[in-house]
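Dear colleague,

I am passing on the structure below for you to look over alongside your own work. My notes on what was found in it follow directly after.

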Amino acid sequence: MAILEVKNVSFQYRNKYQTVNALNGVDCAFEEGQLYALVGKSGSGKSTLLSLMAGLMLPSSGEILFEGKPTSQINLNRYRREHAAVIYQSFRLLPLLTVSENVTYPMELRGFKGKKARDRAEELIQRVGLPVTVLPRFPDMLSGGEQQRVAVARAMSMDTRLLLADEPTGNLDTENSRRIIDLLLKLAHEDGYCVIVVTHDLDIAARADRVFRMRDGKLQED
Amino acid sequence: MQATKNGLKSALRTPGKTLLFLLILTVTAALLTISCCVYGAVRGYLNDCDDYFHTIAELEYIGRDYPDQTVYDEAFAAAVEENRDTLSGLIASESVLAWEPASAELAYSPLIHRKDMLVPDPDTAVLRVYLDSYNDQIGVYNAIVTETLYSRLDFTNKLIMFRTLDGDASLACSDTYLVIGRFYAGRLQNPCFQQTAVTVEEDGTNTKLPAELPAGASPEEEAPFLRYAENLRAANDGLPVSYTADIEDNYLFHQQVLTLLQGRFFTREEYDTGAKVCIISEKTAGMLGLEPGDKLPFSVYHAAGDLYAAHGHTLTDEGDYEIVGITSHSDSYPYRIFLPDAKAAGSAFYPVNGYTLGQFRLKNDGVPAFLEAAAPLLEQGFRLNVYDQGYAAATAPMEELLFISGIFLAVCLLLAACALAMQSHIFISRQRETGRTMFAMGSGRFHVCVYFLSAALALTVCGAAFGAVIGRQAEGWVFQILQRFAAQFAEQDLRFSTTRLAITRTLDFDPASSLGAYLCAAGILVGGTLIFTLLFALFSLRERKNAKKRKKEPRPRKRAGRVSRLSGSFKYGLLSLRRGRGRTAAVLLLGLATALFFGRLSSSLIGYQEQLDDYKAKAVISGSATDCYGKRISGLTLDGGLVAQLCSAELLENCCVTADLGHIRILGGDDGGPINYDFSEYNSYLYESLFYWLSKEPAWIGTNSVANTPQFHFSESGSVEWLDGWSEADFIRLETEEYTYYDGYLDMSSTRQYQTGPSVCALPKDLMEERGIRLGDQINALAAYYHPEWGEILCLVQLRVVAAYVAPVGSTTVFSPLTLVRPELEDRNLFRQFNAEEDRDIWVGRKSWTAENLAKYQAMGLTPAMSYSSLTFTLTDAAKLDETRSLLAELGFTWVHSEERTKPYAMIEDEIYLNTTQSMERQIQYVSVLYGALYLLAGVIGFALAWLLLLSRRREIAVMRALGTQSGRILGNFLLEQLLLMAVGLALGIGVCRLTGTALNPTQLLLTAAFLAVWILSTLICLAAGLRKRSFAALTEPE
């Protein structure tokens, strides 16, 4: 059963001169244990679709159903906190928190605090292939690849089943990109996450379970 | 050209922004224009005031006969000699524009025969008399005047009663003698003439003339008598002449004591050449039937010393003087003649006839410095009267206005700078890529700058034009407000004030539009646009350098962990507070600096206020009743009712009154042995002459406070030494004492009024040393005393010397208790018991009594004494200056400088107090305005900084939101962080203030709290903006 369904979703950006149809009746469904790649040219609407799926925005029309329930009827804060984890191209780690705190932050939002949270953070950091020595470090002391893996660990710490990634390898070199793709695939295939990746990276698209191509606000499955 | 066109197009194609900038620039230009206009108008008015008002300072000497302008005081001449260097220094001081010594000469013309009361020596005559017979009974010769060499009254061929120098019959009858003497009013039918001994000064030596010259004396022997007669004629018939280098700045015209009625003042050429022209008084013109254009022949009569002494003078500058103007006259200056002479200026100090040494023309704003430089002179018996015609009164409010308009102008300039900077920055940053592309495509920096400048200048010019139109419309309205403001300041109560004693001119503040102000405002705007646009344009073309990434060793886990173990909603706030590093330090530093800044400013303001309060509390302001020129404070006739009401009011203390008792001759000692006068009912001369000679003796004055009498009033250098057991308070106590009366031929039993009050006196130390009198001695004295009922009477008195005084200037006055002569006075409030029989009409006709006081004192059965000749006082509280003024006005005192008024005048010596307090208040006002602006600026900076700090963290906020953090939690975290940071910073600042010795004050705390509130408010506003839905856009923005 699809964990996330996009039903006839349209989205318009408006400014005083024009209205841009970023999404135009998009329909698709995403299941757990799969890694989906959303590819398309710049301006095709893939990041907009990801934002809608991440609960950062609501669609202009149509519905996004999470486990059958429209996001418009869910408290978006709660949705983002408990159901949708996002990984950004620029990592978006909280600069004033250590790696450990960044990872434990989403747990604390859900009331999972203290030593247990810190132990879990340590475990997640190791799972994403980083040594525990990075835990007390601040994000700006890490390389891009390390930061992105911390971002993945933070996403994993949210214990969601839906993991959204917006150009996760956009700022990384080949080696680090490869590691991140491996990690995401592992999360999808071994941990059962539904991983949706917005990307230009052909490697990701090639290794994804399913690939959706966005064109002029419409979705086509390859 | 292409760049200009494109630049203009870019402005037109962003109409929203263009309109917004245009609006901002229009408002800025309007404000700037108005502020320039106001500042220019006020500055212009102050410049006009400087030209319109002239400040002079009259330098006088407080001699024993002050303010008599006809005496020659040797002490004055000695003081001038002693202070020659100080005087020269003062004349050369920067505040002085010109010095004009008081010239006091006489113009002698054979056409003039004065018959007024101001003739200096009306009774002295030089006669040739034929002695007919000697009257043994009364000791006089029957004589016939055969020739009158000089006499105001012509008794030629008439019989006079001639008395020789010693009153004996030493001259031979049937002989003719040339004699000098004076007529007196005897009790005989014929005029009485007393021969006098004359000493003349010729070639620096004093020569005693023979008492008389018999007929047949040689012309050489008679020559001194003839010269004496001629000098006497010149002294008596001469008109006072003043040489002046600028008649309009002469005190008399400066203060409008005299005004020009006909003709004109002197021209500059006449001053420079010393032309034979003159300006005379209407009285002189009337007496001689002269008009402008007529000629008046006279010679100027110069004196080396006493102008009015009939010897040692020379007549110079003889000629026909053309009358160019006729002035009004006053009782004090009936016949004054003015002659032009620029040479009068310089460093000359003489002659010193009268008590005015001369006058300074001062820079209007140089008075304080001048007074400071003159301070040493003022301790030597000199006095300065500064007359500014109302300059200070007119400019004081405008100085305030200038300061405020200056602040306003500065704020407008700042605003304009901000607006222009913002416009340039936003305009250029929005089009940075355009600029860079143009640059990349080969357009030079110049073309890029022209592209930006053309749009910015077009906007600025339009804004400036619209602003000027609005400013022009608002200008009249603003000027009206300013005029009202100035009028409000001008309504200060300055009655009786020495500072503003003579406001003789007023200059209306009538601001007008000025093209210069508009051009100035436009210039500032265009200039600012050019500078900012160029700066930002060039900056936008600069190549960026990649900032090095910070790579530091990780912090020890232990430290981070302790905070990490914190939990709860505010954890992030607390963590970021600790880890914000530069940001945290900046906020802490800002808080610390702000608290320090506020502490310093508020404490300095409080310090100023405390200084002012302290000064006001300690200031001593004295005052006195005076004549209409604000000069004379003794010899007045002051209604006792007025004085009593004034002194009994709680506004004044140390009220000192004096009553002139007449003159007193101290008997005993080498000089004043007992007079064994041959009193006889026939010897009328002796009786008359006794009064005459007594009038030359020291003045006898009754007072209730020796140390506050007019002799001491102008200086603090005098001192009084009291006999053990005596003090000021004892001086006026009442006691019953037996009295010794003179028991001679004349019935003087009417002097019985001296039966109560201590028969004591205070004498000048010099006199005591001269006569060998010591404190505690009993002295005998003969006194001439004017009794209101019986007229002038003689009495012999015994007085115990209980005080010896040293007056600031030589004084021979003998002080006795007021209670000695007014024993009925019961207390210092100068009232006595009302006697229904004697005082039946005492209240009648006393218009000066206030209804309240009348009822009050009638009910108490009290009535005041009749009159006093001086009154000095001190204000109980300097802060009650205005109340004292009101009381003086209510009681009928006046402050108006006019001879025609008959009301008593009063003067409060508040010049130093007013200058000091006004200067301090002005300083406080300036500082308050300045500090207010600084507080505001600090608030704006705080607001902007808080905004910027939060703005730089909008991604953090977006991430937190993306992670599902509730808005309340984000708000709480950031608010807590900012609150704690700023609170700690401010607390640190307050702590540092305390450590550096600045006491905490409520203003500082209030301001600090206000700043904290501003900080939190700006944080809240920025957070509210950051928590909007669109804030997620920050997540996808490039780094």
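Asp216(A) sits in the loop between β9 (210-215) and β10 of chain A, and its phi is near 50°, a positive value in a residue other than glycine. With 13 other C-beta atoms within 10 Å, Asp216(A) counts as partly exposed. Please bear in mind throughout that this is a predicted model.

The strand that follows this loop belongs to an open sheet of six strands in chain A, whose order is β6-β7-β8-β3-β9-β10 and whose pairing is mixed. At the edges stand β6 (84-87) and β10 (218-221) of chain A, each with a single partner strand, so one side of each has no neighbour in the sheet. From one strand to the next the twist averages 20°. Within this sheet, strand β7 (residues 162-166) of chain A and strand β8 (residues 194-198) of chain A are paired in the parallel sense over five bridges, and Leu163(A) has Val195(A) in β8(A) as its bridge partner. Helix α6 (residues 174-189) of chain A lies across β3 (35-40), β7 and β8 of chain A, and runs at about 150° to β8(A).

Chain A also holds a hairpin, in which β1(A) is joined to β2(A) through four residues. Strand β1 (residues 2-14) of chain A pairs with strand β2 (residues 19-31) of chain A in the antiparallel sense, over nine bridges, and Val6(A) stands opposite Cys28(A) in β2(A).

Turning to the interior, the largest nonpolar core has 112 residues, and those with the most contacts inside it are Leu38(A), Leu164(A), Val195(A) and Val197(A). The largest share of this core, eight residues, nevertheless comes from helix α16 (residues 582-618) of chain B. A second, separate core of 91 residues includes Tyr66(B), Ala143(B), Tyr301(B) and Ile326(B). As for Val197(A), when its neighbours within four places in sequence are left aside, its contacts include Leu38(A), Ala165(A), Leu184(A) and Ile204(A).

Chain B has 29 helices and 33 strands, and buried residues make up 40% of its 1039 residues. Of the contacts in chain B between residues at least 6 apart in sequence, 83% join residues at least 24 apart.

One helix pair in chain B is worth a look on your screen. The axes of helix α25 (residues 911-951) of chain B and helix α28 (residues 1002-1026) of chain B come within 8 Å and cross at roughly 30°, and the crossing is right-handed. The residues that make the contact include Gly939(B), Phe943(B) and Trp947(B) of α25(B), together with Phe1011(B), Trp1015(B) and Cys1022(B) of α28(B). What kinds of residue make up the contact of α25(B) with α28(B)? They divide into 13 nonpolar, five polar and no charged.

Two further elements of chain B differ in how they are placed. Is strand β32 (residues 870-875) of chain B enclosed or in the open? Five of the six residues of β32(B) are buried, so this strand is largely enclosed by the rest of the structure. Three bridges join β32(B) to strand β20 (residues 622-626) of chain B, the two running antiparallel, and the bridge partner of Ser622(B) is Thr874(B). Strand β22 (residues 652-666) of chain B also pairs with β32(B) in the antiparallel sense, here over five bridges, with Leu652(B) and Leu875(B) as bridge partners. Helix α23 (residues 851-860) of chain B, by contrast, lies largely in the open, because one of its 10 residues is buried. After α23(B) comes Gly861(B), whose phi is positive, near 70°.

Strand β22 of chain B also contains Asn654(B), which has a positive phi of about 50° although it is not a glycine. Asn654(B) is partly exposed, with 18 other C-beta atoms within 10 Å.

Finally, Thr965(B) lies in the loop between α26 (954-962) and α27 (967-995) of chain B. Is Thr965(B) buried or exposed? Thr965(B) counts as buried, because it has 22 C-beta neighbours inside 10 Å. Apart from neighbours within four places in sequence, Thr965(B) is in contact with Leu109(A), Met960(B) and Ile970(B).

With best wishes

Methods: Residues are numbered from 1 along each chain as its sequence is written. Chains are lettered from A and ligands numbered from 1 in the order in which they are written. This is a predicted model: local features need pLDDT of at least 70, side-chain atom pairs count only at pLDDT 80 or more; totals for chains, interfaces and linings use all residues. A residue is buried if 20 or more other C-beta atoms lie within 10 Å of its own, exposed if 12 or fewer, and partly exposed in between; C-beta atoms are placed from the backbone. Two residues are in contact if their C-beta atoms, placed from the backbone, lie within 7 Å. A nonpolar core is a set of buried Ala, Val, Leu, Ile, Met, Phe, Trp, Tyr and Cys residues joined through C-beta atoms within 7 Å. Two strands pair if DSSP finds at least two bridges between them. Axes are lines fitted to C-alpha atoms, for helices over the stretch in contact, and angles run from 0 to 180 degrees between N-to-C directions. A crossing is left-handed if the near helix is turned anticlockwise from the far one by less than a right angle, and right-handed if clockwise. Ala, Val, Leu, Ile, Met, Phe, Trp, Tyr, Cys and Pro count as nonpolar, Asp, Glu, Lys and Arg as charged, and the others, Gly among them, as polar.
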